[in-house]
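Subject: Structure handover and notes

Dear colleague,

I am passing on the structure we spoke about, together with my notes on it. Please have the model open beside you as you read.

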Amino acid sequence: MDCLFCKIIAGEIPSNKLYEDELCYAFYDIAPMAPVHFLVVPKQHFASAAEVNGENAAVIGHIYAVIAKLTKELGISSFRVVNNCGPDAGQTVFHIHFHVLAGKTLGGFA
Ligand code: AMP
Ligand code: ZN
């Protein structure tokens, strides 16, 4: 499959890896929007939050548990999790991913 994040997970494209387990992969964003900006993606490919269903929903909870663990390890107590779904919401890579942003006061959004 011609998917950037699948290639990163497979090691075919280099990444600055933060964490990996059997279900997910976390790596630093190449164009950080905050002093700490990493992405967490399921190893199973699906495009976006619009494709979450009974078959794949469990990995979303797992990803939030990983985010809680990683932010604790990094000493981060305040952070924002962002999941863009669809081009009009700013999604540019169509393999579901969760941005974790921290390290500065994060402004409002809309
Ligand atoms: P989104 O716009 O929500 O789809 O987020 C995609 C994110 O992937 C952006 O923040 C990009 O900076 C990031 N990104 C694109 N290519 C890479 C890469 N090779 N390594 C790490 N992050 C990347
Ligand atoms: Zn993919």
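The notes below take up the pocket, the aromatic pairs, the nonpolar cores and a few single residues in turn. Please keep in mind throughout that this is a predicted model, and that each value here was computed from it.

**The largest pocket**

The largest pocket holds about 710 Å³ of space. It is lined by 31 residues, of which Asp29, Met33, His37, Leu39 and His99 are the closest to its centre. Two or more lining residues come from each of α1 (4-9), β2 (24-28), β3 (36-42), β4 (80-82) and β5 (98-102), and α1 gives the most, with three residues. As to the character of the lining, 18 of its residues are nonpolar, 10 are polar and three are charged.

**Aromatic pairs**

There are four aromatic pairs in the structure, and I describe two of them here. In one, the ring centres of Phe5 and Phe27 are 5.3 Å apart and the planes stand at 80 degrees, which is over 60 degrees, so this pair counts as edge-to-face. Because Phe5 belongs to helix α1 and Phe27 to strand β2, the pair ties together parts that are 22 residues apart in sequence. Both partners are buried, Phe5 with a relative accessible area of 5% and Phe27 with one of 4%.

In the other pair, the rings of Tyr28 and Phe38 have their centres 6.1 Å apart and their planes at 80 degrees, so this pair is edge-to-face as well. Tyr28 lies in strand β2 and Phe38 in strand β3, so the parts tied together here are 10 residues apart in sequence. Tyr28 is partly exposed, since its relative accessible area is 27%, whereas Phe38 is buried, with a relative accessible area of 0%. Phe5 and Phe27, for their part, also belong with Tyr25 to one aromatic cluster.

**Nonpolar cores**

The largest nonpolar core has 18 residues, and among these Val40 and Ile63 touch the most other members. At least two residues of this core are supplied by each of β2, β3, α2 and β5, with α2 giving the most, namely six residues. If residues up to four places away in sequence are not counted, Val40 touches Cys24, Tyr25, Ala26, Ile63, Ile67, His97, Phe98 and Val100. Apart from the largest core lies another, of nine residues, which include Phe5, Ile8, Tyr25 and Val93.

**The loop between β3 and α2**

Two residues of this loop are worth locating on your screen. Phe46 is placed in the loop between β3 and α2 (58-73), and because its relative accessible area is 4%, under the 20% cut-off, Phe46 counts as buried. Leaving aside neighbours within four places in sequence, the contacts of Phe46 are Glu51, Val52, Asn56, Val59, Ile60, Phe94, His95 and Ile96. Phe46 and His97 are 51 residues apart along the chain, and their C-alpha atoms are separated by 9.6 Å.

Ser48 is also found in the loop between β3 and α2, and at 7% relative accessibility Ser48 counts as buried. Again leaving aside neighbours within four places in sequence, Ser48 is in contact with Cys85, Gln91 and Ile96. Ile96 is thus a contact of Phe46 and of Ser48.

**Strand β5 and the segment after it**

Ala102 lies in strand β5 and is buried, with a relative accessible area of 0%. Its contacts, apart from neighbours within four places in sequence, are Ala34, Pro35, Val36, Ile76, Ser78 and Phe79. One of these contacts, Ile76, is 26 residues from Ala102 along the chain, with 7.3 Å between the two C-alpha atoms.

Thr105 is found in the segment after β5, and at 75% relative accessibility, which is over the 50% cut-off, Thr105 counts as exposed. Thr105 and Phe79 are 26 residues apart in sequence, and their C-alpha atoms are 9.2 Å apart in space.

With best wishes

Note on methods. Residues are numbered from 1 along each chain as its sequence is written. Chains are lettered from A and ligands numbered from 1 in the order in which they are written. This is a predicted model: local features need pLDDT of at least 70, side-chain atom pairs count only at pLDDT 80 or more; totals for chains, interfaces and linings use all residues. Side-chain values use heavy atoms; hydrogens and water are left out. On a 1 Å grid over the protein atoms alone, a cavity is a set of points where a 1.4 Å probe fits but cannot get out, and a pocket is an open set with protein on both sides within 12 Å along at least five of seven lines; lining residues have an atom within 4 Å of a point. Grid points are joined across faces, edges and corners, and a volume is the space filled by probe spheres set on the points. Helices (H or I, at least four residues) and strands (E, at least two) are DSSP runs, numbered from the N terminus. Ala, Val, Leu, Ile, Met, Phe, Trp, Tyr, Cys and Pro count as nonpolar, Asp, Glu, Lys and Arg as charged, and the others, Gly among them, as polar. Buried means under 20% relative accessible area, exposed over 50%, partly exposed in between (1.4 Å probe, protein chains only). Contact means heavy atoms within 4.5 Å. Rings of Phe, Tyr and Trp (its six-membered ring) pair if their centres lie within 6.5 Å; planes under 30 degrees apart count as stacked, over 60 as edge-to-face and the rest as tilted. A nonpolar core is a set of buried Ala, Val, Leu, Ile, Met, Phe, Trp, Tyr and Cys residues joined through side-chain atoms within 4.5 Å.
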